Amino acid sequence: MAKILKGAPVAAAMTEKMKTDSDRLRKAGIVPTLAILRVGERDDDLSYERGAMKRAEKAGIEVKNVVFPANVSGETFFKALEDLNEDPQVHGILMFRPLSKHLDGEKARKMLAPEKDVDGCTDGSLAGVFTNTPLGFPPCTAEAVMEILHFYDIDIRGKSAAVIGRSLVIGRPVAMMLMHENATVTICHTKTPDVPAVTREADIVIAASGQMLSVGKEYLKAGQTVIDVGIGWNEELGKLCGDVKFEEAETIVDGITPVPGGVGAVTTAVLCRHVIMAAERSLS
């Protein structure tokens with residue numbers, strides 16, 4: 001049976017370190033502060049917001065909630081974003097997307113200051129991922145994958161990795177981050193002719209296509225580590241599921257993240273760590 005790579009211990013260890021760092025910053029007169037910019041009342045946004053606020057409290061981070069109704073005017077929204085960019089007391093901004101259809105989401109993404117982009121959505125942040133330089137921050141979910149691999153001492157150097165999915169939120173960024181640690185990476189997507197043939201050859205499989213229960217035993221082999229990034233509600237089973245058929249994979253691979261309780265549990269911890277890092281950079 002596979003080792004279950006739970007996210008809670010990873011997040012707890014990160015939070016303990018962040019609390020120490022935030023205490024040190026406060027002594028220097030810097031209060032690490034996250035601004036959450038939300039339009040509307042989407043259930044997934046509200047759930048993530050609650051999780052981020054709980055993690056921030058444990059990490060010693062202040063949270064400033066800037067919330068607008070779904071029909072907020074563009075003038076009001078973009079003025080608020082500009083003010084947050086310019087506020088020296090705000091170190092990180094979490095801007096929930098997609099925005100309401102009448103708001104220019106691309107304009108907002110480009111307007112967000114990369115140095116405060118703690119969720120890694122701006123071009124500056126993504127450029128930093130690809131060049132392996134501290135410009136902005138990586139997408140939180142992609143970095144959460146790496147944190148799990150590090151915490152459980154999964155060897156990356158010289159290993160082969162298959163990433164299923166090529167989004168800018170997870171697939172491509174995590175592929176670059178794996179490459180920076182000297183893995184040989186293949187990105188699989190909808191036009192890849194035989195995805196199972198690729199993943200069966202990999203030491204590490206990152207399932208991030210967003211296709212629930214799409215990765216079964218035919219994708220896997222003994223000795224692998226599988227990180228399941230997907231999550232969604234399965235009506236038929238009446239529970240949350242990931243991209244991987246967990247029961248099949250557990251009997252084959254060496255290690256696998258559960259859903260829920262895996263990558264998602266680490267994502268808000270990464271977000272908060274980015275706020276701490278942004279606060280530290282403001283000192284220089």
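## A look around the fold, starting at V63

V63 is partly exposed, with a relative accessible area of 24%; buried here means under 20%, exposed over 50% and partly exposed in between, using a 1.4 Å probe and protein chains only. Keep in mind that this is a predicted model, in which local features need pLDDT of at least 70, side-chain atom pairs count only at pLDDT 80 or more, and totals for chains, interfaces and linings use all residues. Residues are numbered from 1 along each chain as its sequence is written, and side-chain values use heavy atoms, with hydrogens and water left out.

V63 sits in strand 3. Strands (E, at least two residues) and helices (H or I, at least four) are DSSP runs numbered from the N terminus. Setting aside neighbours within four places in sequence, V63 touches L34, I36, M53 and A56, where contact means heavy atoms within 4.5 Å. D119 is 56 residues from V63 along the chain, and their C-alpha atoms are 15 Å apart.

Another strand residue to look at is G92, in strand 4. G92 is buried, at 0% relative accessible area. Its contacts, not counting residues up to four places away in sequence, are T33, L34, A35, K116 and V118. For a longer view across the model, G92 and G223 are 131 residues apart in sequence and 39 Å apart in space, C-alpha to C-alpha.

### Two helices, each with a buried side

Helix 1 takes in residues 8-27, which makes 20 residues. From first C-alpha to last it reaches 29 Å, close to the expected 28 Å; the expected span is 1.5 Å times one less than the number of residues. Which residues of helix 1 are buried? They are V10, A11, M14, T15, M18, D21, S22 and L25. These buried residues fall within an arc of 135° seen down the axis, so they line one face of helix 1. (The arc is that of the directions from the helix axis to the C-beta atoms.) An α-helix has 3.6 residues a turn, so residues three or four places apart point the same way.

Turned away from that buried side of helix 1 are the exposed residues E16, K17, T20 and K27. On the buried side, the packing partners are helix 2 (43-59), helix 6 and helix 10. After helix 1 comes G29, with a positive phi near 90°.

Helix 3 (residues 74-86) has 13 residues and spans 18 Å between its end C-alpha atoms, close to the 18 Å expected. Its buried residues are F77, F78, A80, L81, L84 and N85. They cover an arc of only 155° around the axis, which puts them on the same side of helix 3. The opposite face of helix 3 carries the exposed residues E75 and E86. What covers the buried residues of helix 3? The cover includes strand 2 (33-39), strand 3 (62-68), strand 4 (92-95) and helix 4 (105-111).

### A pocket

The second largest pocket has a volume of about 360 Å³. A pocket, on a 1 Å grid over the protein atoms alone, is an open set of points where a 1.4 Å probe fits, with protein on both sides within 12 Å along at least five of seven lines; lining residues have an atom within 4 Å of a point. The volume is the space filled by probe spheres set on the points, which are joined across faces, edges and corners.

Of its 21 lining residues, V129, N132, P138, E143 and M177 are the closest to the centre. Two or more lining residues come from each of helix 5 (123-131), helix 6 (140-151), helix 7 (171-180) and helix 10 (263-281). The lining divides into eight nonpolar, eight polar and five charged residues; Ala, Val, Leu, Ile, Met, Phe, Trp, Tyr, Cys and Pro count as nonpolar, Asp, Glu, Lys and Arg as charged, and the others, Gly among them, as polar.

### Backbone oddities

Most residues other than glycine have a negative phi, and most peptide bonds are trans. Here are two non-glycine residues with a positive phi.

| Residue | Phi | Loop | Relative accessible area |
|---|---|---|---|
| D153 | about 55° | between helix 6 and strand 5 (160-164) | 69%, exposed |
| L213 | near 55° | between strand 7 (204-207) and strand 8 (225-228) | 25%, partly exposed |

As for cis peptide bonds, one joins R97 and P98, with omega about 0°. P98 is in the loop between strand 4 and helix 4. Another runs from V259 to P260, with omega near -5°, and P260 lies in the loop between strand 11 (255-256) and helix 10.
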